Amino acid sequence: MRIFGKALLKIGQVAEATGLSKRTIDYYTSLGLLTTERTASGYRLYTEDVIQHIQKIEYLKTQRLSLQEILAFFTEREVKTGDAIYQEVQQLQNTVTGLEQRLMQATDFEKQEIRLELSRRLTLIASLIAQL
């Protein structure tokens with residue numbers, strides 16, 4: 001089945017293509033991270049671009065973003081203009097600069113936490129820049 005020239009996939013096909021369980025895909029859908037089309041008989045169908053979307057979700061999870069943060073990121077991304085993205089990148093860069101300064105004076109334990117936060121912020125910057 002196709003809609004707007006894109007193949008529609010059943011949840012099992014998406015699970016097989018991504019390596020995730022049907023339950024995980026269903027959970028992501030219930031959170032609003034994934035969208036579906038419904039058939040007349042109630043089956044959920046996903047467009048083929050859901051596979052790339054899931055890959056983005058899984059990547060952002062490896063960067064220690066929560067599912068709620070990922071949802072907010074995708075939701076905000078849909079309505080942001082180039083200027084808004086630029087301003088957010090500037091704010092994040094200021095935060096990164098502050099974290100780098102803290103890192104230089106931190107204890108070993110604090111350094112680990114700061115590095116994790118730096119990684120998260122840099123990932124967000126890269127994702128925002130990719131939208132421009």
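1. Start with Arg64, and ask whether this residue is buried or exposed. In this predicted model, Arg64 is exposed, because its relative accessible area is 54% and the cut-off for exposed is over 50%. You'll find Arg64 in the loop between H3 and helix H4 (67-79). Have a look at its backbone too: phi of Arg64 is near 70°, a positive value in a residue other than glycine.

2. Now step back to the helix before that loop. H3 runs over residues 50-62, and Arg64 follows it. How far apart should the ends of H3 be? At 1.5 Å a residue, its 13 residues should span 18 Å, and the end C-alpha atoms are indeed 18 Å apart, so the two values agree.

3. Which residues of H3 are buried? Look for Val50, Ile51, Ile54, Ile57 and Leu60. Keep a bit of helix geometry in mind while you look: an α-helix has 3.6 residues a turn, so residues three or four places apart point the same way. Try picking out these buried positions of H3 on the structure above: Val50, Ile51, Ile54, Ile57 and Leu60.

4. On the other side of H3 in sequence sits Glu48, in the loop between strand S4 (44-47) and helix H3. Glu48 is partly exposed, because its relative accessible area is 36%, which falls between the 20% and 50% cut-offs. Glu48 and Ala17 are 31 residues apart along the chain, and their C-alpha atoms are separated by 10.0 Å.

5. Next up is Ile11, which belongs to helix H1 (residues 11-18). Ile11 counts as buried because its relative accessible area is 16%, and buried means under 20%. What does Ile11 touch, not counting residues up to four places away in sequence? The answer is Lys22, Ile25, Asp26, Arg44 and Tyr46. There's also a nice pairing to check with a distance tool: Ile11 and Leu45 are 34 residues apart in sequence, yet 6.8 Å apart in space, C-alpha to C-alpha.

6. Thr29 is worth a click as well. It lies in helix H2 (residues 22-31) and counts as buried, because its relative accessibility is 17%. A polar atom of the Thr29 side chain lies 2.8 Å from the backbone oxygen of Ile25. Leaving aside neighbours within four places in sequence, Thr29 is in contact with Leu34, Thr36 and Tyr46. Tyr46 turns up in the list for Ile11 and in the one for Thr29, so find it in the picture and look at both from there.

7. Two things to say about rings. The charged end of Lys10 sits over the ring of Tyr43, 5.4 Å from its centre. The structure also holds one aromatic pair.

8. Finally, zoom out to the whole chain. How many helices and strands are there? The secondary structure comes to six helices and four strands, and reading along the sequence you get the pattern β-β-α-α-β-β-α-α-α-α. Of the 132 residues, 31% count as buried. The chain exposes about 8,800 Å², with carbon and sulfur atoms supplying 50% of it. As for how the chain meets itself, take the contacts with a separation of 6 or more: residues 24 or more positions apart account for 57% of them.

Terms used
Residues are numbered from 1 along each chain as its sequence is written. This is a predicted model: local features need pLDDT of at least 70, side-chain atom pairs count only at pLDDT 80 or more; totals for chains, interfaces and linings use all residues. Side-chain values use heavy atoms; hydrogens and water are left out. Helices (H or I, at least four residues) and strands (E, at least two) are DSSP runs, numbered from the N terminus. Buried means under 20% relative accessible area, exposed over 50%, partly exposed in between (1.4 Å probe, protein chains only). Contact means heavy atoms within 4.5 Å. Accessible areas come from the Shrake-Rupley method with a 1.4 Å probe; for residues, only the protein chains shown count as cover. A polar contact is a pair of N or O atoms within 3.5 Å; within protein, one must be able to donate a hydrogen and the other to accept it, and residues adjacent in sequence count only if both atoms are side-chain atoms. The expected span of a helix is 1.5 Å times one less than its number of residues. Rings of Phe, Tyr and Trp (its six-membered ring) pair if their centres lie within 6.5 Å; planes under 30 degrees apart count as stacked, over 60 as edge-to-face and the rest as tilted. A charge sits over a ring if NZ of Lys or CZ of Arg is within 6 Å of the ring centre and within 35 degrees of the ring normal.
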